[in-house]
Amino acid sequence: MEDLRFMRLWDCYQPLLTERQREITNLYFNCDLSLAEIAEQKGCSRQSVSDCLNKCRKQLEDYEEKLRFAQTLAEAARIAEEIEGVATKLPAPYREQIETVLRRVGGERAHGAPNA
């Protein structure tokens, strides 16, 4: 579950990480490589990969604590879901208008994409 939270934060804040941090976190979480595999690929030790991952976790948590962007996105998705639920009970023209607005403000979210 901690990895899921990390990935949500990574999705929001990864542009703020260094290129090396992005590469290592991407290889670990998205490509599912082990510390040893990443270390071999990057020409460094397993410990330095582990240290980088721990530092990134801390940085991402700090960014979220200060900026609250991931929390805001999650809240917006929850509200959009509530609106969709209400819209299903409305006559078609109103429902279509609401769906149009949700698509404009949420992009793929209004098309049934899962919450991040």
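## Salt bridges within helix α5

In this predicted model, Arg 78 forms a salt bridge (a side-chain nitrogen of Lys or Arg within 4 Å of a carboxyl oxygen of Asp or Glu) with Glu 75, the closest N and O atoms being 2.5 Å apart. Both residues lie in helix α5, three residues apart, about one turn of the helix; helices here are DSSP runs (H or I, at least four residues), numbered from the N terminus.

Arg 78 also meets Glu 82 in a salt bridge, at 2.0 Å from N to O, and through shared partners Glu 75, Arg 78 and Glu 82 are joined into one network. Glu 82 is partly exposed, with a relative accessible area of 46%, where buried means under 20%, exposed over 50% and partly exposed in between (1.4 Å probe, protein chains only).

## A link between two helices

The structure holds six salt bridges, and one of them pairs Lys 42 with Glu 23, with the closest N and O atoms 2.3 Å apart. Lys 42 belongs to helix α3 (residues 35-42) and Glu 23 to helix α2 (residues 19-30), so the pair ties together parts that are 19 residues apart in sequence.

## Confidence and conventions

The protein averages a pLDDT (the predictor's confidence in each residue, from 0 to 100) of 89, and 91% of the residues score at least 70.

Residues are numbered from 1 along each chain as its sequence is written, and side-chain values use heavy atoms, leaving out hydrogens and water. Local features need pLDDT of at least 70 and side-chain atom pairs count only at pLDDT 80 or more, whereas totals for chains, interfaces and linings use all residues.
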